[in-house]
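Subject: Structure for your review

Dear colleague,

Please find below the structure that I am handing over to you. A summary of the findings follows it.

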Amino acid sequence: MRISSWRLILIIATAVSLIGYAKPVSATTFNVTIGPNGNLVFSPSSVTIHPGDQVKWTWGSDGHSTTSGSPGMPNGIWDSGLRNQGATFTRTFNSTGTFPYYCIPHGGCCAMVGTVMVVNASPTPTPTATPRPSSTPTATPRPSSTPTATPRPSPTPTPTPTPAAATAVVADFNGDGHPDWVARNINTRQTVLVYLNDNVVVGAAFGPTLTNNLALTGAADFNVDTHPDYALFAPNTFQTTLWYLSGPTLIGTASGPTLPAGWDLVTEADFNGDNHPDFVIFKRSTRQTAIVFLNNNIVIGAALLPTLPAGWNLMAAADFNSDGHVDIALFNSATRQTVIGYLSGGTLIGAALGPTLPMNWQLVAAADFNGDGHPDYLIYRPDTRQTAIWHLNNNVLINAVSGLTLPSGWTLLSH
């Protein structure tokens with residue numbers, strides 16, 4: 001079984017203290033744009049300058065910083081703090097050395113990093129930048145241990161692990177080409193399939209009642225009979241189960257893989273393009289994510305996905321940039337920010353900011369609700385049980401529409 005793994009390439013600075021020297025007459029200012037067009041990059045990501053030159057960062061979008069060091073490890077040389085579009089920050093570099101820097105909110109999750117290289121001028125210097133502009137952010141792989149033949153890393157238990165965030169279950173249950181979603185009664189554990197045309201309810205049907213030990217985490221056509229099936233997870237035993245459906249009717253069951261201790265089932269999508277849905281799993285103690293490739297209920301392979309920084313959760317999987325590969329949508333419950341991580345199979349190849357959600361709302365799923373070929377956000381407010389759909393074009397919000405408000409005692413969330 002072949003598994004991709006992430007390896008971190010961190011630039012470790014041999015930074016020398018910046019002491020004041022007079023700026024030479026030939027000093028040059030090098031410009032770097034932070035987050036151009038909402039992309040999670042510094043453009044250019046690397047500049048080569050001479051002692052006495054300046055770097056001027058200009059904010060191209062909101063909520064970024066330029067902070068010296070590596071993600072999660074600031075070294076104190078400089079920190080702009082979080083700033084918004086149009087802001088600037090300038091730093092004079094008087095000593096030679098290599099100075100890595102990053103964006104505090106997006107360095108860890110999205111590889112938003114840069115480098116300033118300060119080298120001595122030649123006898124006839126012509127100070128020029130060495131930019132690597134790119135409108136598509138380049139992923140910097142994250143550290144992970146080399147996996148074994150199956151994605152079953154040894155458990156690293158902690159007293160209070162952070163569980164995977166609750167999500168919603170979305171699929172086209174009635175075969176009309178429009179995604180539907182599943183509501184769950186908190187007390188009776190009865191499920192109901194809510195049939196939709198975009199945000200409009202066109203019908204409903206009772207689905208199976210869940211047993212007490214199982215959480216409904218997703219729905220997809222695992223047995224390839226054109227009907228979405230339930231994917232369920234037992235948190236106490238780490239067992240996965242498939243409930244095969246024909247419309248709302250349960251017609252059979254099968255055991256899926258048992259996950260290693262400490263891992264949760266998060267969502268399902270076809271990541272390797274073999275027309276079989278796969279599992280996305282999450283390790284609570286380390287915040288590592290992984291794909292388990294399936295053929296129906298049988299494991300045929302696995303790949304590691306990024307390790308999520310604290311505060312971020314993987315909430316949905318869909319092809320946001322229309323390149324034929326499923327991508328992942330992340331949500332930060334503290335900042336309300338969303339980020340789309342672009343994948344090629346199990347490899348992160350870029351990232352971009354998505355819309356920021358209003359207070360008390362959370363991202364719970366993604367699907368093409370309005371049929372324009374672009375996945376949209378399904379968002380949910382648990383305290384009022386209100387649903388809404390945000391129509392997107394890639395990572396850009398086009399418009400928003402209100403959806404059904406669930407009756408008391410019902411929820412859209414998986415747990």
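Helices and strands are taken here as DSSP runs, with at least four residues for a helix and at least two for a strand, numbered from the N terminus. On that basis, the protein chain holds one helix and 30 strands. Please note that this is a predicted model.

Overall character of the chain

The protein chain has 415 residues, of which 50% are buried. Its accessible surface amounts to about 17,100 Å², and carbon and sulfur atoms account for 54% of that area. Of the contacts between residues at least 6 apart in sequence, 52% join residues at least 24 apart.

Salt bridges

Side chains of opposite charge can pair when their charged atoms come close. How many salt bridges does a search of the whole structure find? The search returns two.

One of them joins the side chains of Asp264 and Arg284, at 3.3 Å from N to O. This pair links distant parts of the chain, 20 residues apart: Asp264 belongs to strand β18 (residues 263–269), while Arg284 sits in the loop between β19 (278–283) and β20 (288–295). Both Asp264 and Arg284 are buried.

A salt bridge is also formed by the side chains of Asp383 and Arg381, with an N to O distance of 2.7 Å. Are these residues buried or exposed? Asp383 has a relative accessible area of 48% and therefore counts as partly exposed. Arg381, at 23% relative accessibility, is likewise partly exposed.

Yours sincerely

Key:
Residues numbered from 1 in each chain as written. Predicted model: local features only at pLDDT ≥ 70, side-chain atom pairs only at ≥ 80, totals over all residues. Heavy atoms only, no water. Buried < 20%, exposed > 50% of the residue type's maximum accessible area, 1.4 Å probe, protein only. Contact = heavy atoms within 4.5 Å. Areas by Shrake-Rupley, 256 points an atom, 1.4 Å probe, with all protein chains shown as cover. Salt bridge = Lys/Arg side-chain N within 4 Å of Asp/Glu carboxyl O.
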